[in-house]
Amino acid sequence: MLIILCSGGHVSSIRPTERPEPSYLLEGEPDVIETRFTRAFGVKHPVVCGGMTAVGTADLIAAVANAGALGFLTALTQPTPDDLAKEIARCREMTDQPFGVNLTILPTIDPVPYDEYRDVIIDCGVPFVETAGNNPAPHLPALHAAGIKAVHKAVSVRHAIKAQELGVDAVSVDGFECAGHPGEDDVPGLVLMPAVADRVSIPLIASGGYADGRGLVAALALGADAINMGTRFVATVEAPVHSNVKQQIVQNDERATDLVFRPFRNTARVARNATSQEIRDIESRSGATFTDITHLASGARGRHNVLRDGDMDGGLWWAGQAQGLIHDVPTCAELVTRIIGEATAIIQDRLASLVEN
C-alpha cells in the first residue's frame, strides 16, 4: 500500500509496514514515513531534536539518533571548541547513526570563537549543522565545502526566504508556540508553516507545538517535511536534566508558559515559575531596563538551579506550549516509535476513511 502526501508542492511517499497495535508499543518494526527531509538527510524518521542549551548533549542526542530521528548536539553547551570535539567523539561511541551539531550565533558580552567551533565541526566530519540566531552566511562556504548540510532556524517568512537565498539546505520554522525565541510577529505555526511553504522550495521542518503523531500529520499537511521537538524530548528518560523538570513538564498544561523580555524586543517563551513572574512584574514598570532583570535572567541560574538541581523556581528554563500535550516520560525510542505509529494510523485509517474513491 502506498499513500502519497503533497508537501510544499513536492510529493512525499509514506510506506507503511505492518500496522502497530493501538497502544503503539515497541513491538516489531515501526512504520516508515519517507519525505524530502528523510531522503536528503539520510535519517529514518522525519523527526528532529534541535539544539537545546545544556540539554543537547551526547546522552540525549545519541538516543535520538538510535531511535531513527535526527538530533543536534549543542555546540555552545561545551565550554570550549576542544570540549565540543570530545562531546562529538562521546556521541559517536554511543551511536552509529547520523547526528548534527547546533551552532547558535548571538551577540554576547564575552566574544565567542564561533569560527573555532565551526572548524571543530568540520574537522570531526559531522554531516549536519543547525544554525540559529544571526545570519549564518559567514559560515556556509566552509560548511558546504566540507560537504556539510546546513539547517537554519527561522521565525518568519522573510527569514526563511533569506535563508534559502543564502544557500542553506533546509529551514526549521519556529511558530509562536515554541520554547525559546519566537520572534516578535506572534504568528502561530498553523499560519506560518504554509505561508513559508508557499515561498520556499527546500525541505522544511515545522517547529513549535509538536509532541505527537497528530502534530506530525498536521505538519505534513501544512507543507513541512519533518517536525522539530524540543520540550517533548526534554521529557524523556535520556534527557540530561533533573527528574523534577521532566515531571513539571508532565504536570504543566498549555497555559503554563510566560513570554519574557517583550519590552526589549527579545521575546522568549519560558516555563512559568516564580522567576518568570518576577521578571514580568519588573518589566511592566515604567522605565524598566534589561539591567533590572539581568540577575534573574542569568542562563547559569537556569542551567544549574533548575536543570541540574531541580529547583523549579530557581531560574528561567525553556518550555513551549506543547507541554499541554505531554503526559509521560518515555525513552526516545518509545517516543519516536509512538509518534510514527500514531501518524501512520491517522493517515491510513482516519484520513483515508474521509475520502471516497
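Of the 80 residues in the largest nonpolar core of this predicted model, Leu60, Val171, Phe233, Val245 and Trp317 touch the most other members. A nonpolar core is here a set of buried Ala, Val, Leu, Ile, Met, Phe, Trp, Tyr and Cys residues joined through side-chain atoms within 4.5 Å; buried means under 20% relative accessible area, exposed over 50%, and partly exposed in between, with a 1.4 Å probe and protein chains only. Helix 14 gives the most to this core, contributing seven residues. Apart from this core lies another one, of eleven residues, including Val43, Phe128, Ile205 and Ala226. Helices (H or I, at least four residues) and strands (E, at least two) are DSSP runs numbered from the N terminus.

Phenylalanine 233 offers a good place to look into the core. Leaving aside neighbours within four places in sequence, phenylalanine 233 is in contact with Val47, Val48, Cys49, Met52, Leu60, Val64, Ala239, Cys332, Leu335 and Val336, where contact means heavy atoms within 4.5 Å.

Two of these partners, Leu60 and Val64, lead to helix 2. Helix 2 spans residues 58-66, and because seven of its nine residues are buried, the rest of the structure largely encloses it. The buried ones are Ala58, Leu60, Ile61, Ala62, Ala63, Val64 and Ala65. Their cover includes strand 4 (47-49), strand 5 (70-74), helix 3 (81-94), helix 9 (231-234) and helix 14. Just after helix 2, glycine 68 takes a positive phi of about 95 degrees.

Positive phi values also turn up in residues other than glycine. Phenylalanine 261 has a positive phi of about 70 degrees although it is not a glycine, and this residue lies in the loop between strand 12 (257-260) and strand 13 (268-271). With 6% relative accessibility, phenylalanine 261 counts as buried. Aspartate 186 has a phi near 60 degrees, again a positive value in a residue other than glycine. The loop between strand 9 (170-174) and helix 7 (189-197) holds aspartate 186, which counts as partly exposed at 30% relative accessibility.

Charged side chains come next. The model has 18 salt bridges, each defined as a side-chain nitrogen of Lys or Arg within 4 Å of a carboxyl oxygen of Asp or Glu. One of them returns to helix 2: the side chains of arginine 90 and aspartate 59 meet at 2.9 Å, N to O. This pair links distant parts of the chain, with arginine 90 in helix 3 and aspartate 59 in helix 2, 31 residues apart. Both partners are partly exposed, since arginine 90 has 30% relative accessibility and aspartate 59 has 29%. Asp59 and Arg90 are also linked with Glu87 in a network of salt bridges.

A salt bridge within one helix joins arginine 118 and aspartate 115, at 3.4 Å, N to O. Both residues lie in helix 4 (residues 114-123), three residues apart, about one turn of the helix. Arginine 118 is buried, with a relative accessible area of 12%, whereas aspartate 115 counts as partly exposed at 43% relative accessibility.

Helix 14 takes part in a salt bridge too, in which the side chains of aspartate 328 and arginine 338 meet at 2.5 Å, N to O. Aspartate 328 lies in the loop between helix 13 (299-308) and helix 14, while arginine 338 is in helix 14, so the pair ties together parts that are ten residues apart in sequence. Aspartate 328 is partly exposed with a relative accessible area of 26%, as is arginine 338 with 22%.

The segment after helix 14 (332-351) holds leucine 354, which counts as exposed at 64% relative accessibility. Together with Leu351 and Val355, Leu354 forms a nonpolar patch on the surface, with about 290 Å² of accessible area in total. Accessible areas come from the Shrake-Rupley method with a 1.4 Å probe, and for residues only the protein chains shown count as cover. Patches are made of residues with over 30% relative accessible area and no salt bridge, with like charges joined within 9 Å and nonpolar side chains (Val, Leu, Ile, Met, Phe, Trp, Tyr) within 5 Å.

A word on confidence completes the picture. The mean pLDDT of the protein chain is 91, and 91% of its residues reach 70 or more; pLDDT is the predictor's confidence in each residue, from 0 to 100. Over residues 1-30, pLDDT stays under 50, and the model has 71 contacts beyond four places in sequence for this stretch. Where pLDDT is low, the predicted coordinates should not be read in detail. In this predicted model, local features need pLDDT of at least 70 and side-chain atom pairs count only at pLDDT 80 or more, while totals for chains, interfaces and linings use all residues. Residues are numbered from 1 along each chain as its sequence is written, and side-chain values use heavy atoms, with hydrogens and water left out.
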